[in-house]
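User: Please examine one part of this model closely and describe the surroundings of a single residue, followed by the packing of a helix pair.

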Amino acid sequence: MIEFPNIDPIAFSIGPFAIRWYALAYLAGFIGGWRYALWLSSKDKDLLPTREQVDDFFPWAILGVILGGRLGYVLFYQPGLYLNAPLDAFKVWEGGMAFHGGALGVIIALLVYSYLKTIPLFRLTDIVCAVVPIGIFFGRIANFINGELWGRPTDQPWGVVFPYAGSMPRHPSQLYEALLEGLVLFLILLVLYLWSKTRLRPGIVTGTFLAGYGIFRMFVELFREPDAHLGFIVGAISMGQILSLPMVIAGLGIIAYAILKGHRTQVQKA
């Protein structure tokens, strides 16, 4: 087994203000994602949203992530707690963010922004979805540093003894997610996006992200300890798996739609 590294969740302090690694992870995800999105938007200037449009959308994305992530956590994971103390839902500094809620918040922001700016929806979502794994990677590393969202007990040599999870070594499921939902998914989407035939079929990158994240998350949930206050929802199925299944279905549907629409467009041009 591996002893948990003694990393202070507080990166540094400025007077009475403590800056946590978790906050820096969000900052790195937003800044890195923004710069990467601008680079992606330069690939086909006649087809893709302009750099100005991508630049203008990112405040919308940030609000979608933060508000959606917090509301998703409140509604999906702790509804009873916040029903009794609804004002506590605004105490974001106490932690509690849900990826699926953040994703829903960004989807709403994409729908509204693309409508207001008359941008083809899937051309914008393809760029945004290609960017998301950057934030996931840094966020899961921060979860590991915080010693939270640990995995189930294991006898594997890479099992980690987390400070708040007893003496048993556990799967470092945060690192599994950083690898699969972050790095691997990022590379898959990058390859797809750089392929010009994919860019001519808007929606393929979006669908691949949704389906890929859902599949990877459902797999990692097999090693991740369910939330103590929820446990397994049905049999051995966790809340994370339940919330990820619609993403897989929607993603596959969007991929099929993008391929069929692209084929029809080619036939019409021929």
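Analyst: Q241 counts as buried because its relative accessibility is 10%, where buried means under 20% relative accessible area with a 1.4 Å probe and protein chains only. The model is predicted, so local features need pLDDT of at least 70 and side-chain atom pairs count only at pLDDT 80 or more, while totals for chains, interfaces and linings use all residues. Residues are numbered from 1 along each chain as its sequence is written, and side-chain values use heavy atoms, with hydrogens and water left out.

Q241 lies in helix α9, residues 239–269; helices are DSSP runs of H or I with at least four residues, numbered from the N terminus. The Q241 side chain reaches the backbone nitrogen of S238 at 3.0 Å. Setting aside neighbours within four places in sequence, Q241 is in contact (heavy atoms within 4.5 Å) with M218, E221, L222 and A236.

M218 falls within the range of helix α8, residues 204–220, whose axis comes within 7 Å of that of helix α5, residues 121–146, and crosses it at roughly 30°; axes are lines fitted to C-alpha atoms over the stretch in contact, with angles from 0 to 180 degrees between N-to-C directions. The two helices are therefore roughly parallel, a term for angles under 35 degrees. Contact residues include F122, C129 and I136 of α5 and F209 and Y213 of α8. Of α8's 17 residues, 14 are buried, so this helix is largely enclosed by the rest of the structure.

Technical notes: Buried < 20%, exposed > 50% of the residue type's maximum accessible area, 1.4 Å probe, protein only. Polar contact = N/O pair within 3.5 Å; in protein donor to acceptor, adjacent residues only side chain to side chain. Parallel < 35°, antiparallel > 145°, perpendicular 65-115°, else oblique.
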